[in-house]
Amino acid sequence: ELVSCVGWTTADELYSCSDDHQIMKWNLLTSETTRLVKLPDDIFPIDLHWFPRSIGGKKQSHAESFVLTSSDGKFHLISKLGRIEKSIDAHCGAVLAGRWNYEGTALVTVGEDGQVKIWSKSGMLRSTLAQQGRPVYSVAWGPDSGKVLYTSGKQLIIKPLQPNAKVLQWKAHDGLILKTDWNSVNDLILSAGEDCKYKVWDSYGRLLYSSQPHEYPITSVAWAVDGELFAVGSFHTLRLCDKTGWSYTLEKPNTGSIYNIAWSIDGTQLAGACGNGHVIFAHVVDQRWEWKNFEITLIKRRTMEVHNVINDAVDLLEFRDRVIKASLNYGHLVVSTSLQCYVFSVKNWNTPLIFDLKEGTVSLILQAERHFLLVDGAGLYLYSYEGRLISSPKYPGMRTDILSAQTVSLSNDTLAVKDKADEKVIYIFEALSGKPLGDGKPLTHKTEIVEIALDQKGLTSERKIAFIDKNRDLYITSVKRFGKEQKIVKIGTMVQTLAWNDTSNILCGIQDTRFTVWYYPNTVYVDKDLLPKTLYENETSEFSKNPQIVRFIGNLITIRRADGSLIHLNISPYPAILHEYVSSSKWEDAVRLCRFAKDQTMWTCLAAMAVANKEMATAEIAYASIGKIDKVQYINSIKDLPSKESRMAQMLLFSGNSQEAETLLLQTGLIYQAIQVNINLYNWDRALELAVKHKTHVDTVLAYRQKFLEDFGRKETNKRFLQYAEGLEVDWNKIKAKIQMEIAKERERAAASPAVRA
């Protein structure tokens, strides 16, 4: 009889249920198949779902049982040994689907009677979430277990568990919807219908992909656990697709309709319940990784082929167990199998470094130049390329099973993780110690964050993080935050995807249909007006909808279009060379390079870099080359200032950091200069406050205020100024003499300062 449902217990053991009332157990390691139990003749199984194995690395007590829904209106809680622990009357007519939530605290069932019911772990009815006049064929939990997605004819409905919360409903197909699935890592929804199409949606009900019509209705869809792939089943058809919808491969096995697909826990293989009584097993091969001149392909489950395209050399890498995840970057290939982790250097493929893994199912590998990160169900682990465990960062409410390359970012000294419980928060850790960075507070944004990325080069103190929020705005901010609130600055809008360069702090992204490169994103903290001139923009329609940047290595960017094809773009090599010169303080070489390149963008980047590094002579040349004469004059006036502190303060002012400039002057005892800064910025209240507090130059502030009002023909209305101006005659000669004295005093201090003498 037809097989109705399948479910994995471990990565190598599967249970299947059929209309012949049998539950079979399949062991893939020993290739044994055993009949576990024969169900009573009135139970026709429809859906099966195993209780979640572990949460946050902790094994669950109920983990050895599953729920089985059947055509008699009941669901059954069955132990791993096949004993029916409990049978509960749930619906009038067949119970068409049953699903545990991610924590295993609740079960949702749907039936032919159009009801959606929530049950406790022990099978007590908690609530009837929805009632409708047509059968509900499929159901799925939202990523945070706070919402339920179910089908209603041609409609999909997302209903939150909280009463009175907004219900989202939309027409998804032209025929009856037969199956749906919602992934907790990428937050995307799959639907399959009798209109012979499968579709990918985001959690707001926006269509991201719609397939061409197939010959037969699509009877099953299922996400792989990590959300990178999904499988589609139909009559004599099994298809493997990328999360964006395009198809990797199409198989035509002799199966009848595939009614149910289940992915194994490690995401390397799947099983399908077939209409002709077969169970089909398939495993994913031919994954490819590329880096510079190396191309690596997983040709069998335990074998990789390394191809060096420069000299056509081919190496075969054999593993003891099957490969689960791999990553190739920064001159190293990191491979995790079900029990071990292998670290290869691209210089030597023969002697990998091997160490054992605790949990086994690695869900994500991220690499930086000095170390790499492994993520599994139990935690985050940072290893050196020598195989030494460096640190294991933790944060409250950590759920590592739902982290992806978009929500975790690693650099040489910093690790950033976007929290799932509160999507506006990014936790930032010191890589070497695993402790929260700076004052320990996470970075908080005003709206939900979608994607994060840390820059890879430069000093730890200047580390930047770029992130895209829900509105598709791109922001940048500094990672180091000691008490003072670092500005989060918006540098792009409608950004689909982003990536930092691997060798210099250049950022690229796709804004709408424009491919944009920010050659020096730090410009926003130095001279905001220059930012638009430090960009490279390429207006192109060849990317189509929802393109993704795959990698940005050297000056080559690889972009994957929505149809799966790859586009390679080259950018100018000069900005990267400029970054290199500046990081090693070769200012003359940097100027020479800009003169050779004859490019305004390069000069603009150099101007910002020079100001950021307080390199005034270079800044003057660069600003002159881009025609910013007012700024050249200002820089000249800074150079003439007597003391180093004054020059530093004026540079801070130049970058718009007036608060820091004032603090610096007050700390070094230059009270008059701090007052003058506020006068120049027309911060009258603050200028008067400082003068009164330090009992000096009150008359200077009042004189400048009076002159300012006279110039505009206005009367004084500020009570504090009126109070201090009472009976005070402004004598400009006296004030000028006082100012001259202050400047002379500053000169004397500068001359006496050992740093300046040296």
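## Helix α9 and its surroundings

Helices here are DSSP runs of H or I, at least four residues long, numbered from the N terminus. With that in hand, we can take a friendly walk through this predicted model, starting with helix α9. Just after α9 comes Y682, a residue whose phi is positive, near 60°.

Helix α9 covers residues 671-680, and because 9 of its 10 residues are buried, the helix is largely enclosed by the rest of the structure. Buried here means under 20% relative accessible area. The buried residues of α9 are I671, Y672, Q673, A674, I675, Q676, V677, N678 and I679. What covers them includes two helices earlier in the numbering, α7 (644-654) and α8 (658-667), along with α10 (684-693), α11 (698-711) and α13 (732-752).

## Domains and annotation

UniProt, in an unreviewed entry, lists residues 602-748 as "domain: IFT80/172/WDR35 TPR". In the model, that span is 76% helix and 0% strand, and its end C-alpha atoms are 40 Å apart.

The domain assignment of the protein chain gives domain 1 as 3-283 and domain 2 as 664-757. Between the C-alpha centres of domain 1 and domain 2 there is a distance of 74 Å.

## A cavity to look at

How many cavities of 30 Å³ or more does a search of the whole structure find? The search finds 1. The largest cavity holds about 90 Å³ of space.

If you would like to find the largest cavity on screen, its lining consists of G267, T268, H283, V284, Q287, L298, R301, R322, V323 and I324. By type, these lining residues divide into 4 nonpolar, 4 polar and 2 charged.

Terms used: Residues are numbered from 1 along each chain as its sequence is written. This is a predicted model: local features need pLDDT of at least 70, side-chain atom pairs count only at pLDDT 80 or more; totals for chains, interfaces and linings use all residues. Side-chain values use heavy atoms; hydrogens and water are left out. Buried means under 20% relative accessible area, exposed over 50%, partly exposed in between (1.4 Å probe, protein chains only). Contact means heavy atoms within 4.5 Å. UniProt positions are given in the numbering used here, feature names are shortened, and annotations may be inferred rather than shown by experiment. Domain bounds come from an automatic or database domain assignment. On a 1 Å grid over the protein atoms alone, a cavity is a set of points where a 1.4 Å probe fits but cannot get out, and a pocket is an open set with protein on both sides within 12 Å along at least five of seven lines; lining residues have an atom within 4 Å of a point. Grid points are joined across faces, edges and corners, and a volume is the space filled by probe spheres set on the points. Ala, Val, Leu, Ile, Met, Phe, Trp, Tyr, Cys and Pro count as nonpolar, Asp, Glu, Lys and Arg as charged, and the others, Gly among them, as polar.
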